[in-house]
Every structure is written in structure tokens, then in C-alpha cells.
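I opened this notebook page to record what I looked up in the model, pocket by pocket and then along the backbone. The sequence and structure come first, and my entries follow.

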Amino acid sequence: MNNTELADILLPDSTMTPAQYETKYPPRKAGIITRFAPSPTGYLHIGGLLAALVEERIAHQDGGIFYLRIEDTDKKREVENGVSAIIEAFSGFPIVFDEGPVDETNEKGAYGPYVQSRRKAIYQAYCKELLRQGKAYTCFLSEAELEGMKKDQEKSGVKTGCYGRWARHRDITPDDAKARIERGEPYVFRLRSSGSDIRRIEFTDAIRGRIEMPENDFDIVLLKTDGLPTYHFAHAVDDHLMRTTHVIRGEEWLSSVPVHLELFASLGFNAPVYAHISPIMKEDGTSRRKLSKRHDPEAAVHFYHEAGYPVSSVIEYLMNFIDTGYEEWRAKNPLLPVNDFRIDLSRMSVSGGLFDMQKLASVSQDVISRTTAEDVYESALTWAKRYDSPLADILTQRRELMLSIFASGRGGPKARKDIAKWSDIPSLYDHFITDDLNMPSPMHEVLVSAECRRLLSFIHERVANTATIDSAFVQGILKDAQKEIGVKGKALYHPIRYALTARESGLDLDAIFMILGKERTLSRLKNALEG
């Protein structure tokens, strides 16, 4: 029996040949082809969103194609409705997939299936060809044998894994393999590596530049006992057939490049351009660590949806991680759409950016300050309908009041910057929404002075005798109060603000008077005088 006969026996379901798949999935005419390829094993990490943003921009800024591929060959870790969860996590973000799954069962594009578990026959066809060429073999090492081999290697002080003389079945004959299979022994297919760790490979990483690493000499698994591929093998087959030109992924995959380059060479494929993104870091005491799914709620993309950060704010913040030239560009172009900026992978940091929630809040405040009152209202209402029903009721029932609050101080070179996320709205503006003010005791001490009572009485009288409260009226009574009461600066503004809002800071006084209106203003001044 020869390798071809053994391949036909072991992989009978792969009826199409690699040549036929090459015809079915021809080279594309578009230039740059990128992909986002998550596993449906949990929520989308903020680092995954950053990678997807890079991949989408690199493709689309040059008229290329960006597609979604689901890598679900690890069935033990897969979660229910994992594909839908990934797609939902991208909701609202300006990341458009030209091809790929659109829900758990449907997809778009001519290079699918885009879910790896549905591509089993394709992987088997290419594994079958490697088996025929003698570049792959059947391995019958059990878990116990592999564990024993690992312990022996550790005792000998050599690297652990299946390679060289430790790859005990790499020279097994087709007849021996057939006999073992007929006895019911489980097996996997392994690559018969031609590499040597004493030789070096060189490649150019689009972010990190020229890199030199040892060749791969491990006989890695291609197909597991269930017939599904390992990540490494599926990566090579899929990226080739889907015609991926640039593989942009996390730094943790950098060590796998020698394996992947050998796989591409063994399969007769041209390798893509690789770019490895540094992880998002977080300060932990005096040191830094990776932003963790287990320990950091802000690691999950759904955290930002639930907290009410506008999508545009998150994107704006992430752009500073992606390209070191972005901050300067934004300063010069404050009103241009983010997609007008052209990403350059060579300007991406290789050390890993530090994630700072305070910086995100500042960026978000700046983004929201440039948004119209109507858009703030509609965005906040859309969010509240899903995540905060009491706020949704307030926004719906008191629309004009909320619009007047959002409109105050908006626009101009010194726009008000107080809202960082939609969930801030109740705490920022509760003194306008409710008349049940919780006056802190230090403010009471300010309001009981004789001078303060004269001031508030003066303001109360003037408001009571006016028909209209507008900015001109408010500025007028403030000027008159300076003359009549003899106060100015903090002694003038703070007591009035305390009485009307129970706060030390906030909107301008004229905005506060106008938002409250005559009756509510009089009521609060009266309460302060009587309190």
C-alpha cells in the first residue's frame, strides 16, 4: 500500500481536489484582503474590537475587502449563540464586514462557508494531498504517551513536543498505519516537518519590521481525531482560499509564524503579510499587565454598550492606540470623520498602549460636546430604552426640558464638556429633573449668612416681578445685585447656584434660570430662604 491508497481510505469524504477548490475560490481582483477571525467562546474583548478596526480600515481605505470568519473548531470552549454574540458586539460600530456570517445560520459572500466547522471537507482535501505527497502522516500517540514523552523531555532538559526522534510515528509505513486503524486505534494527522531549529527564518512584520526566528521543526497536528483542523492548519488553508493578503492579529500569535510559514510552503501557497498588534495594557500598582477578561470589566466590548459610551467615543479613543499620528491629525482636523484619517501600520506602537478610563471619559466628553442637542437626546433615549428604563421615561415624558439641558453651552470654541456616557445623565442633571434637592450641610452654612439671605431675597423679588426669564434678564439682575448687595465673584454666584441646584458647579447661571423657569426658580429660592 502506498500513501495515495492510504489517503483515499482515511479521507474518503474529500471528493474535491485542491485544484478544484483553487478554481472554486479564484484569486480576487481587489487589492488588500483582511479578516477578523474570532472564536465563539465568549464575549468580544476590547482588543478584538481594536484589531477589527485596524483590519477594516487597512482593507477599506484602499478599496479592498474585509470579511468575518468564525473559528469554531474548538467545540469544548464554544458557547451557545456565540456567533450572534460576536455580531451583536459590533452593533453600532462603523465596522462593515463585506462577507461572512450575518447570524447563526446565514452568511454572505462567495468564498464561504465562513464558519470553520462547515469547511471540514476542504481541510480534509488539503490534508489528503499532503498525505499523498508524504508531507503528512498518521500519528497514534495517545494522551498518556504524549504526557510521558513530555516528562522524559523535561528530564533530559530538551524542549517539549513532537519533533525529530520524539515523533515516533513519522516514519510509519502505510501498511502499519492501516493495520493500527483496523484495530481501532485513534489517530491524528501530523505535518512531517522539514524544518530545523538550528536554522533561522526571516520575515517582515508590517508593524514590527524585520524579524528573525528559528525554523519550525515540530510535527504539528493538522487534523484532530474528530476530523476537524487545528487552528494552525485551518489558518493556512482558509487564508489562502479566501485570498487574505494581510493577517493582522494579536502579538500572542507571533511565535506561531514559523509554523504558519512552513505550512504555507508545504501546501504550495504564498504567505500573507503578517502584522502583530501589541496587547492593550493596564496599570496594576507600580507595574503593567494585559487587560484581562477575568479581572477587568472594561475588557469586554459589551461594557461600553451597557455603560452608555457612544460608539464614536470608543472608536475615537482606540484610534490613538492604532496610529501614533492620529492625535496630531485630530487636533488639526477636529470636525472631520474618523475615516478620513489614513492608518499606517508602521506607525503602530510595538510596546502596547496603556488603557485609561479617565482618558476615555475625556475623549468621550469632547466627542459629545461636538454633538447637537437633538442628537444627544436621540442617542441617550435609544440607549436608555435598552439599559435604563427610568431614564427612558424621563427623556420621553420631559423631552423639552431635557433638550433645553442638552442645548445649554453646546457649540462654539468652549463647548460644555460634562457628559462622558449616557449613564451619567441622571446624576449630572437630577437637580433639573427633580425638585427634591439634597442640600449638603456646607451649603446650608453658606445660605444662612445675612448677606446671602439679602442676596437671595433680592433675586427672588426680581424674578417674581418679571414676565420672562432670558439670558439678558439674568445678566441684568446679577449686575444689579452687585450694586445693591455689594457682592461679586464667588460671593455672588455660589449662593445662587447652591440655592437653585444644591451644587457647587454646573451650567452657567443664566442657563439654570432659564431651564428651571420662573415658578421653579421662585420655589427653590423660597426653600433656600426658609431652610
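Before listing any lining I note the term: a pocket is an open set of grid points with protein on both sides within 12 Å along at least five of seven lines, and its lining residues have an atom within 4 Å of a point. I also note that this is a predicted model.

**Entry: the largest pocket**

I looked up the largest pocket and found that it holds about 1200 Å³ of space, with a lining of 44 residues. Nearest its centre I noted His 45, Gly 48, Gly 250, Glu 252 and Trp 253. Which elements each supply at least two residues of this lining? I wrote down strand E1 (33-36), helix H3 (46-60) and strand E10 (246-250), and added that H3 gives the largest share, namely five residues. Sorted by class, the lining of the largest pocket consists of 18 nonpolar, 15 polar and 11 charged residues.

**Entry: the second largest pocket**

For the second largest pocket I recorded about 860 Å³ of space and a lining of 38 residues, with Gly 92, Tyr 309, Pro 310, Val 311 and Ser 312 nearest the centre. The elements that give two or more residues to this lining are helices H4 (82-89), H10 (301-307), H11 (311-322), H13 (357-369) and H14 (373-387). The largest share here, six residues, comes from H14. By class I counted 21 nonpolar, 10 polar and seven charged residues in the lining of the second largest pocket.

**Entry: strands E1 and E2**

I then returned to E1, which also contributes to the lining of the largest pocket, and found that E1 runs parallel to E2, the two being joined by four bridges. Within this pairing, Phe 36 stands opposite Leu 68 of E2. Together with H3, the two strands make a right-handed β-α-β unit. Is E2 covered on one face or on both? I found both faces covered, since Ile 65 and Tyr 67 on one side and Phe 66 and Leu 68 on the other are all buried.

**Entry: backbone details**

I looked for unusual backbone geometry and noted a cis peptide bond between Gly 112 and Pro 113, with omega at about 5°. Pro 113 sits in the loop between strand E4 (107-108) and helix H5 (120-132).

Asn 81, although it is not a glycine, has a positive phi of about 55°, and I placed this residue in the loop between strand E2 (65-68) and H4. I classed Asn 81 as partly exposed because its relative accessibility is 46%.

Ala 502 has a positive phi near 60°, and this residue too is something other than glycine. Its place is the loop between helix H21 (490-501) and helix H22 (509-530). I entered Ala 502 as buried because its relative accessibility is 10%.

**Entry: cysteines**

How many disulfides does the model hold, if two cysteine sulfur atoms must lie within 2.5 Å to count? The count comes to zero. Cys 162 is in no disulfide, because the nearest cysteine sulfur, that of Cys 139, is 5.0 Å away and the cut-off is 2.5 Å. I also checked exposure: Cys 162 is buried, with a relative accessible area of 7%, and Cys 452 is buried as well, with a relative accessible area of 3%.

Note on methods. Residues numbered from 1 in each chain as written. Predicted model: local features only at pLDDT ≥ 70, side-chain atom pairs only at ≥ 80, totals over all residues. Heavy atoms only, no water. 1 Å grid on protein atoms, 1.4 Å probe; cavity = no way out; pocket = protein on both sides within 12 Å on 5 of 7 lines; lining within 4 Å. Points joined across faces, edges and corners; volume = space filled by probe spheres on them. Nonpolar A, V, L, I, M, F, W, Y, C, P; charged D, E, K, R; others polar. Buried < 20%, exposed > 50% of the residue type's maximum accessible area, 1.4 Å probe, protein only. Pairing = 2+ DSSP bridges. Right-handed = clockwise from strand over helix to strand, strands pointing away.
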